[in-house]
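Work through the exercises below with the sequence and the 3D structure at hand. Try each task before reading its solution.

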Amino acid sequence: MLLNTNCNLCHSTSIKPLYSKADLNIVKCGSCGLTFLSPFPDEEAIKKLYSEDYYLAWGIQEPKNLELVRSIKMATFRRELEHLRKYVGSGKILDIGCAMGFFLEAARESNWDVYGVELSTYAAKIAQQTLGQKIYNGALEAAKFEDGFFEVVVMSDLLEHVTDPASFLTEVMRIIKPGGLLMIVTPNLESLSAKIMRRHWNHFNQEHLYYFSPGTISRFLKEKSFEVLDVYPAVKAFNYIYISSQLKIHRVPIVTPIIKLLDKILLNNSIGQALFYAYAGEMSVLARKTEIKQDVS
Ligand SMILES: [Zn+2]
């Protein structure tokens with residue numbers, strides 16, 4: 001087990017304990033405040049984490065549930081695309097960690113030229129069924145996109161899973177064209193839910209190696225030649241049917257039996273289908289890659 005003794009953002013070695021839980025040790029850089037796990041789970045544990053079960057946890061092996069997850073996720077992503085449209089409305093867009101490709105399906109509806117990268121073979125296959133060969137199954141670096149290829153790159157619930165955000169962002173910066181946009185959605189360490197729940201915050205888990213705040217994510221982006229345009233709360237779409245199906249997959253004492261009763265009232269009518277949007281302690285960050293500086297030497 002290797003402890004993380006250097007900050008990935010400012011390289012300081014002044015690393016201080018923040019919270020300790022059964023299987024997690026969360027530390028904070030004494031200099032810039034970047035928060036991360038130390039040690040990270042070992043490679044074997046990480047591999048296990050992202051096996052087929054990772055997506056099966058959403059219950060998508062059943063076609064009915066896959067459709068439900070698709071409709072809920074697409075509702076969330078259509079809102080994100082609206083935000084994006086204020087700055088740019090067309091061109092090549094890449095979703096890194098695109099999972100089953102639902103963001104890209106939503107983007108294609110509004111005429112974006114869509115590309116995806118996904119590590120999980122299981123999820124990438126599902127994405128390829130609807131989006132074809134523009135879904136690359138593997139790591140971002142291995143996809144070898146040309147310099148400045150994309151107008152927009154999106155990373156939703158991704159950067160917190162990456163072992164070296166600094167070098168990852170260097171590669172992301174390379175493939176965005178000057179003036180192009182980067183959109184990041186990630187848990188916000190300074191959100192109300194994080195402040196209230198402290199060490200019990202739901203985003204603290206083995207999958208999430210880093211925990212960003214508006215301050216640390218902005219500093220990362222500035223160091224990679226991005227100008228931060230906007231940081232705002234990320235909202236996600238839900239409806240009763242979706243919550244009910246998730247609670248039957250992930251059983252919770254007392255709640256799951258109540259849901260079974262509610263199902264009789266809500267499942268087959270418009271109330272059950274009504275979408276609502278909730279803030280779940282995550283932030284969206286929009287940044288623009290600055291134009292290349294002229295070499296004046
Ligand atoms: Zn630091």
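The exercises go from the whole chain to single residues, and the model they use is a predicted one.

**Exercise 1. Overall build**

Task: State how many helices and strands the protein has, and decide whether it is as compact as a globular protein of its length.

Solution.
- Step 1. The protein holds 12 helices and 11 strands.
- Step 2. Its radius of gyration is 20 Å, and the globule rule gives 19 Å for 297 residues; the two values are close, so the protein is as compact as a globular protein of that length.
- Step 3. The C-alpha trace spans about 75 × 45 × 35 Å along the principal axes.
- Step 4. Of the 297 residues, 35% count as buried.
- Step 5. Take the contacts with a separation of 6 or more: 68% of them join residues 24 or more positions apart.

**Exercise 2. Two domains**

Task: Find the bounds of the domains and describe where they touch.

Solution.
- Step 1. Domain 1 is made of 43–236 + 281–289, and domain 2 of 240–274.
- Step 2. Between the C-alpha centres of domain 1 and domain 2 the distance is 28 Å.
- Step 3. In the contact between them, four residues of domain 1 meet four residues of domain 2.
- Step 4. On the domain 1 side that touches domain 2, two residues are nonpolar, two are polar and none is charged.

**Exercise 3. Nonpolar cores**

Task: Identify which members of the largest nonpolar core touch the most other members, and which element gives the core its largest share.

Solution.
- Step 1. The largest nonpolar core has 69 residues, and Ile-93, Val-153 and Leu-182 touch the most other members.
- Step 2. Strand S8 (176–187) supplies the largest share of this core, six residues.
- Step 3. Look at Ile-93, leaving aside neighbours within four places in sequence: its contacts include Ala-107, Trp-112, Val-114, Tyr-115 and Phe-150. Asp-113 and Glu-151 are also among the contacts of Ile-93.
- Step 4. Apart from the largest core lies another, of five residues, including Ile-60, Val-69, Ile-72 and Tyr-242.

**Exercise 4. The buried side of H9**

Task: List the buried residues of helix H9 (residues 214–223) and say how they are placed around its axis.

Solution.
- Step 1. Thr-216, Ile-217, Phe-220 and Leu-221 are the buried residues of H9.
- Step 2. They cover an arc of only 135 degrees around the axis, so they lie on the same side of H9.
- Step 3. Among the elements that cover these residues are helix H7 (165–175), strand S8 (176–187), strand S10 (226–238) and strand S11 (276–289).
- Step 4. Just after H9 comes Ser-225, with a positive phi of about 65 degrees.

**Exercise 5. H4 and the loops on either side**

Task: Name the buried residues of H4 and what they pack against, then decide whether Ala-99 and Asn-111 are buried or exposed.

Solution.
- Step 1. In helix H4 (102–109), the buried residues are Phe-102, Phe-103, Leu-104, Ala-106 and Ala-107.
- Step 2. These residues pack against helix H3 (63–85), S4, S5, helix H5 (121–131) and strand S7 (150–156).
- Step 3. Ala-99 sits in the loop between strand S4 (92–96) and H4. Its phi is positive, about 50 degrees, although Ala-99 is not a glycine.
- Step 4. The cut-off for a buried residue is 20 or more C-beta neighbours within 10 Å. Ala-99 has 26 inside 10 Å, so it counts as buried.
- Step 5. Asn-111 belongs to the loop between H4 and strand S5 (113–118). Asn-111 is not a glycine either, and its phi is positive, about 70 degrees.
- Step 6. A residue is exposed at 12 or fewer neighbours. Asn-111 has 10 inside 10 Å and therefore counts as exposed.

**Exercise 6. A cis peptide bond**

Task: Locate the cis peptide bond at Pro-39 and describe the surroundings of Ser-38.

Solution.
- Step 1. The bond from Ser-38 to Pro-39 is cis, with omega near 0 degrees.
- Step 2. Pro-39 lies in the loop between strand S3 (35–37) and helix H1 (43–49), and Ser-38 is placed in the loop between S3 and H1.
- Step 3. Ser-38 has 18 other C-beta atoms within 10 Å, so it is partly exposed.
- Step 4. Leaving aside neighbours within four places in sequence, Ser-38 is in contact with Leu-3, Asn-4, Ile-15, Asn-25 and Val-27.
- Step 5. Asp-157 is 119 residues from Ser-38 along the chain, and their C-alpha atoms are separated by 20 Å.

Note on methods
Residues numbered from 1 in each chain as written. Predicted model: local features only at pLDDT ≥ 70, side-chain atom pairs only at ≥ 80, totals over all residues. Helix = DSSP H or I, 4+ residues; strand = E, 2+ residues; numbered from the N terminus. Domains from an automatic or database assignment. Contact = placed C-beta atoms within 7 Å. Nonpolar A, V, L, I, M, F, W, Y, C, P; charged D, E, K, R; others polar. Arc of directions from axis to C-beta. Rg over C-alpha atoms; globule rule 2.2 N^0.38 Å. Core = buried A, V, L, I, M, F, W, Y, C linked by C-beta atoms within 7 Å.
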